[in-house]
Protein chains: 2
Amino acid sequence: MSAVRTVGIVGTGVIGAGWAARFLVRGIDVIAFDPADGAEEALRKKVATAWPSMLRLLGEDHVEAGKLSFTSDVRELAQASDWIQEAAPEREDLKIRLFKELDEVARPDVIIASSSSGYLPSRLQMECRHPGRVIIGHPFNPVYLLPLVEIVPGDKTTDETMERATRFYESAGMHVLRLKKEIDGYICDRLQEALWREALHLIKKDVATTGEIDDSIAYSAGLRWAFMGPFLTFHLAGGEGGMRHFLDQFDPEMDLPWTDLPFPEWSDEMSSRLIEGCEKQAAGRSVSEWEAKRNEVLVDIMHVLEKHGIGAGTVLSRGTAVTGR
Amino acid sequence: MSAVRTVGIVGTGVIGAGWAARFLVRGIDVIAFDPADGAEEALRKKVATAWPSMLRLLGEDHVEAGKLSFTSDVRELAQASDWIQEAAPEREDLKIRLFKELDEVARPDVIIASSSSGYLPSRLQMECRHPGRVIIGHPFNPVYLLPLVEIVPGDKTTDETMERATRFYESAGMHVLRLKKEIDGYICDRLQEALWREALHLIKKDVATTGEIDDSIAYSAGLRWAFMGPFLTFHLAGGEGGMRHFLDQFDPEMDLPWTDLPFPEWSDEMSSRLIEGCEKQAAGRSVSEWEAKRNEVLVDIMHVLEKHGIGAGTVLSRGTAVTGR
């Protein structure tokens with residue numbers, strides 16, 4: 001595989017433009033295509049908006065920048081690219097046709113990655129002559145700041161493609177989450193979708209407003225989720241015994257009516273996966289050590305939010321009678 | 001109502017001890033009860049652990065501290081308290097009995113708040129002679145750092161109790177989320193539970209490990225949730241048209257199979273609640289202004305995580321070939 005010098009980006013909405021910014025700031029050239037009127041101007045504007053944040057994130061001395069070009073011919077893009085990142089509208093039929101066209105023109109060693117947030121890669125690759133190089137590379141908005149990318153293989157995707165994709169996205173400053181198998185919505189969007197649906201049920205039941213639901217996250221669980229997922233959070237909730245103790249106290253038969261999402265049927269295998277998974281994540285640190293670390297990070301995040309006058313920071317700057325702040 | 005000088009805390013596990021620390025650091029005396037062996041020593045140890053983080057959060061010059069005492073007699077606690085915060089084990093029968101006993105002894109103007117994470121306050125107050133002062137005051141772990149408290153009225157809770165509870169918790173540095181009506185699990189835990197159940201389904205389907213699921217949150221959505229909930233996030237995803245445009249593009253009939261939680265039946269009323277809610281939250285700021293703010297906060301949070309070598313910060317400190325960091 002030759003180094004990726006030019007990335008072709010198909011579709012330059014919020015996600016495609018975010019990819020362009022991420023690659024350009026790392027010195028990679030970008031050639032972009034989007035059939036919409038005024039797309040090039042809109043793309044250049046979005047990249048310009050992203051630029052100061054990326055420089056601040058990476059360090060002010062950062063100067064390397066790739067060259068951005070635009071084409072009205074998707075075949076020209078496919079010929080010129082060492083990597084293709086599709087970010088077209090989320091319609092499966094459109095993506096399947098697009099992948100067929102890109103696959104016909106691109107060099108066989110060029111990986112074609114879809115930014116789809118849910119379609120199965122086996123479907124996207126099914127009309128390609130070189131399906132082994134087709135993969136999902138699903139990012140999160142804003143793509144130029146958030147580091148996660150989920151990579152998902154279809155039935156015909158090669159292991160070599162998964163390896164190369166991992167190295168490439170890591171070189172673009174990303175954290176690669178490599179799925180073992182394909183599933184609709186992959187991982188993060190399934191979790192987000194579950195939370196979103198429950199939030200919609202609360203709106204429908206008129207229990208709370210959108211602002212109240214947002215606050216319920218931003219002033220509590222969200223502060224932890226910025227650096228710990230749900231499992232490590234519950235590992236800490238288990239005290240020194242961690243997840244093992246948490247599950248001992250926990251009765252999987254007790255299906256509390258707290259959401260309409262059914263609880264999965266429990267098994268010893270489930271328990272083992274949770275306990276072993278969390279112990280691996282804890283990486284030899286005790287729960288008290290993790291608590292101390294969690295507290296350090298939470299305080300620093302809350303100070304950031306205080307500086308920006310947002311969320312949990314507004315509570316701090318409001319101060320209280322007794323602290324005299 | 002006289003000022004709250006002494007809070008009685010019933011049950012001194014992780015949550016009760018967290019409450020004690022939050023009140024003590026603000027100069028409020030605490031009298032605690034817990035029947036477990038060694039409970040007093042464990043409580044003092046937990047408060048000592050919390051102390052440095054709270055001082056750092058509130059400012060190092062913070063010196064005011066309440067007095068902590070412990071009693072083996074819950075009636076003595078009820079007599080001595082200006083506010084009672086129950087944090088006993090999560091068993092409804094036990095809480096109902098405890099509320100009856102506390103209510104018999106406490107002055108009628110003393111609010112008795114339950115830290116329950118899901119029971120209905122109408123059930124907890126049903127055997128009390130003064131049910132109007134019974135309320136849910138549900139905090140989040142670590143209680144001494146995370147500012148959210150959900151307050152929930154039962155059928156018989158008075159408006160005055162809700163008002164006084166709001167003022168009291170705000171004086172203890174909290175963000176009060178006042179529920180209009182009671183619902184099992186209240187708000188935040190329903191959202192967390194939906195996400196948790198979906199995570200368990202992913203474990204059961206063997207799609208990902210606990211660590212991978214945690215990473216999928218901590219490297220993406222969790223960074224946003226630290227200061228924005230799901231609604232404001234999607235408002236920004238809608239571009240300049242915000243939630244209105246987001247919903248225009250969105251087909252509520254298209255029930256993508258991304259979680260087993262059923263999608264709520266859609267209505268114009270739902271759309272209005274979402275659009276009006278988000279426009280109120282945006283508070284006159286355009287989507288671009290919110291994006292700029294979001295980027296500022298995200299970059300600062302990621303720098304905090306880099307300093308602590310955790311989550312999204314590890315990607316930054318790893319650097320990339322092209323940035324030369």
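Start by selecting A:V149 and A:V176: in this predicted model, A:V149 stands opposite A:V176, a residue of β8(A). Now widen the selection to strand β7 (residues 148-153) of chain A together with β8(A), and you will see a parallel pair held by four bridges.

**Across the sheet**

Next, colour all the strands of chain A. Eight of them form an open sheet with mixed pairing, and you can walk through it in the order β3-β2-β1-β4-β5-β6-β7-β8. The walk begins and ends at the edge strands, β3 (68-71) and β8 (175-178) of chain A, each of which pairs on one side only. Turn the sheet to look along it: neighbouring strands are turned by 25 degrees against each other on average, direction ignored.

**Into strand β5**

Now select residues 111-114 of chain A, which make up strand β5. Which way do the residues of this strand point? A:I111 and A:A113 point one way, while A:I112 and A:S114 point the other way. Show the side chains here with a general rule in mind: in a regular strand they alternate between the two faces of the sheet. All four of these residues of β5(A) are buried.

Keep β5(A) on screen and add what pairs with it. On one side, strand β4 (residues 83-86) of chain A runs parallel to β5(A), with four bridges between the two. Pick out A:E86 there, which stands opposite A:S114 of β5(A). Then add strand β6 (residues 134-138) of chain A, which is also parallel to β5(A) and joined to it by three bridges. Which residue of β6(A) is the bridge partner of A:A113? Click on A:I135 to find that partner.

**Over the helix**

Select residues 92-105 of chain A for helix α4. Together with β4(A) and β5(A), this helix makes a right-handed β-α-β unit. Follow the backbone from β4(A) over α4(A) to β5(A) to trace that unit. With the helix still selected, look at what lies beneath: α4(A) lies across β1 (6-10), β4, β5 and β6 of chain A. Its direction is about 165 degrees to that of β5(A).

**Stepping back to the chain**

Zoom out to chain A as a whole. You should be able to count 13 helices and eight strands. The C-alpha atoms fill a box of roughly 65 × 50 × 45 Å along the principal axes. Chain A has 325 residues, and 52% of them count as buried. Of the contacts in chain A with a separation of 6 or more, 66% are between residues 24 or more positions apart.

**Two copies**

Bring chain B into view. A turn of 180 degrees and a shift of 0.0 Å along the axis lay chain A on chain B with an RMSD of 0.0 Å. The two copies are therefore related as by a two-fold rotation axis. Which residue of chain A comes closest to the rotation axis? Select A:L261, whose C-alpha lies 2.0 Å from it.

Now select the contact surface, where 111 residues of chain A meet 112 residues of chain B. Several helices supply at least two residues each on the chain A side, including α2 (39-58), α8 (210-225) and α12 (287-308), and strand β8 does too. The largest share comes from α7(A), with 17 residues. Colour the chain A side by residue type and you will find 62 nonpolar, 28 polar and 21 charged residues.

**A closer look at α7 and α9**

Select A:A194, which sits in helix α7 of chain A. Why does A:A194 count as buried? Because it has 26 C-beta neighbours inside 10 Å. Leaving aside neighbours within four places in sequence, its contacts include A:L261, B:A194 and B:L261. A:A194 and A:L261 are 67 residues apart in sequence, yet 7.9 Å apart in space, C-alpha to C-alpha.

Finish on helix α9 of chain A, where six of the eight residues are buried. Show them as sticks: A:P230, A:F231, A:L232, A:F234, A:H235 and A:L236. What do these buried residues pack against? Look for α10 (242-248), α11 and α12 of chain A, along with α7 (188-204) and α8 (210-225) of chain B. Your last stop is A:G239, just after α9(A), with a positive phi of about 70 degrees.

Notes:
Residues numbered from 1 in each chain as written. Chains lettered and ligands numbered in written order. Predicted model: local features only at pLDDT ≥ 70, side-chain atom pairs only at ≥ 80, totals over all residues. Buried ≥ 20, exposed ≤ 12 C-beta atoms within 10 Å, placed from the backbone. Pairing = 2+ DSSP bridges. Right-handed = clockwise from strand over helix to strand, strands pointing away. Axes fitted to C-alpha atoms, helices over the stretch in contact; angles between N-to-C directions. Contact = placed C-beta atoms within 7 Å. Least-squares fit on C-alpha atoms with pLDDT ≥ 70 in both. Nonpolar A, V, L, I, M, F, W, Y, C, P; charged D, E, K, R; others polar.
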